[in-house]
Amino acid sequence: MSIKYINDLDIRGKRLLIRVDFNVPLDEMGNITDDTRIRSVLPTINYALDEEAKVILASHMGRPKGKIDKSLTLEPVARRLKRLLGKDVLMANECVGDDVEKIVNSIDGDYVVLLENLRFHIGEDKNEDNFAKELSKLADVYVNDAFAVSHRKNASVVAITKFFNEYGAGFLMKKELNYFTRAMENPARPLVAIIGGGKVSNKLGALENLIKKVDKMIVGGGMAFTFLKAIGYNVGKSLVEEKLVDTALRILDIAKKRDVKFYLPVDCVVADRFESKAKTKITTVQEIPKDWMGLDIGPATTALFGEVLQNARTIIWNGPMGAFEMDAFSRGTFAMVNLVARSHALKIVGGGDTDVAVNKVGKLDSMSYISTGGGAFIQILEGKPLPGIEALRG
Ligand code: AMP
């Protein structure tokens with residue numbers, strides 16, 4: 001069944017519960033350091049307000065695992081939201097119960113209500129019907145606009161739709177799904193995937209699924225060394241998952257059979273230890289010294305990957321090319337940001353670290369779409385259905 005979106009639903013004057021992802025990063029003082037997650041759902045909230053819906057927002061913050069943890073209150077979000085929305089935000093000190101029901105039943109449209117952290121209740125994590133039912137008492141219509149939690153079986157994204165007659169997805173979810181459909185289901189070709197990051201094990205499912213869909217696959221970051229080991233190179237102390245060496249060979253074999261071009265680094269920045277002040281040098285991947293480790297791609301690899309991207313018409317990128325948090329090993333990832341930014345392809349970037357790198361280079365606006373999902377993004381790349389999206393299909 002197809003998904004209804006908020007603009008297909010009759011929400012005028014109704015109590016509308018919107019599941020959002022306001023799990024923003026906070027510093028030690030509890031100040032929000034990046035409010036992208038709040039900004040990204042403003043179109044949905046503003047649409048609902050224009051339709052004169054009584055808006056109730058629900059989110060989690062951190063992982064309190066069913067216990068009240070004052071450091072994970074959504075209060076800082078309420079303050080920021082008020083500023084961004086230009087409207088009062090009433091912070092409820094609970095997310096379910098009689099008191100909250102009274103609050104939402106008296107909303108008059110001059111303010112929106114933000115419920116307290118859903119994960120203060122274990123029923124949220126456990127996808128419990130009882131908790132979902134309690135939440136559903138607060139509203140007439142339910143909308144999920146929390147793409148980044150849609151891979152989780154949580155009560156406010158999965159069990160909840162059982163208790164509403166009217167439900168659908170918000171505009172952020174719509175945007176995410178539209179871009180993924182364009183990239184994965186009927187892409188303009190060549191379709192190139194760039195997969196990086198620490199370990200093969202974190203992205204095995206994505207590699208196995210993508211290898212059946214893409215025309216070219218670029219693998220960088222720590223995971224490249226398991227592949228390089230598999231094809232017979234000595235990679236010194238680089239990150240290698242011995243158990244996955246055979247799996248890497250199998251993936252390379254599938255690529256060969258399907259005529260997918262598979263690109264690995266040809267040179268790398270090696271270091272004598274995993275530290276920003278380590279001794280470093282550039283070597284070919286054939287010549288990594290025995291006691292050194294590869295922590296970034298080298299300049300010849302950057303040139304090669306740039307060549308590969310030349311004629312790309314769709315690019316999907318997840319994961320950095322090196323341990324880019326340390327300046328000494330950031331050059332490859334930042335160069336990749338520039339290469340992707342320069343491409344005329346449809347460019348979809350996602351996964352916690354990748355957007356951080358894009359942001360650091362100041363190229364957010366040069367990408368076609370930066371996904372808000374980390375785990376959810378990977379699960380889409382794996383070709384697996386997301387429980388939160390399936391629940392919206394009814
Ligand atoms: P992931 O969360 O799987 O995308 O992995 C991201 C992490 O991988 C980042 O924190 C990087 O520092 C790390 N990483 C990338 N390349 C390497 C490498 N060559 N060796 C060790 N860690 C790496």
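**View 1. Residues around the ligand in this predicted model**. Welcome to the ligand site, where 15 residues surround the ligand. The closest are G198, K203, G222, G294 and E325. Two of these, K203 and E325, return in the next view with their distances to the ligand.

**View 2. Polar atoms facing the ligand**. Start with E325, which has a polar side-chain atom 2.5 Å from an oxygen atom of the ligand. The side chain of K203 also places an N or O atom by a ligand oxygen, here at 2.8 Å. With A323 the backbone takes part: one of its N or O atoms lies 3.5 Å from a nitrogen atom of the ligand. As for overall cover, the ligand has 500 Å² of accessible area on its own, and the protein covers 79% of that.

**View 3. The two domains**. Stepping back from the ligand, you can follow the chain through domain 1, residues 6-172, and domain 2, residues 187-381. Their centres, taken over C-alpha atoms, are 36 Å apart. Where the domains touch, domain 1 supplies six residues and domain 2 supplies nine residues.

**View 4. Close-up of the contact between the domains**. How much area do domain 1 and domain 2 bury between them? The value is about 610 Å², with 64% of it on carbon and sulfur atoms. On the domain 1 side, look for F147, H151 and L172, which lose the most area to domain 2 and together make up 73% of what that side buries.

**View 5. Character of the domain 1 side**. Between domain 1 and domain 2 there are zero salt bridges. The count of residue pairs in polar contact, both at pLDDT 80 or more, is also zero. Sorted by class, the side of domain 1 that touches domain 2 holds three nonpolar, two polar and one charged residues.

Methods. Residues numbered from 1 in each chain as written. Predicted model: local features only at pLDDT ≥ 70, side-chain atom pairs only at ≥ 80, totals over all residues. Heavy atoms only, no water. Domains from an automatic or database assignment. Contact = heavy atoms within 4.5 Å. Buried area = accessible area lost by both parts, 1.4 Å probe. Salt bridge = Lys/Arg side-chain N within 4 Å of Asp/Glu carboxyl O. Polar contact = N/O pair within 3.5 Å; in protein donor to acceptor, adjacent residues only side chain to side chain. Nonpolar A, V, L, I, M, F, W, Y, C, P; charged D, E, K, R; others polar. Near = heavy atom within 4 Å. Areas by Shrake-Rupley, 256 points an atom, 1.4 Å probe, with all protein chains shown as cover.
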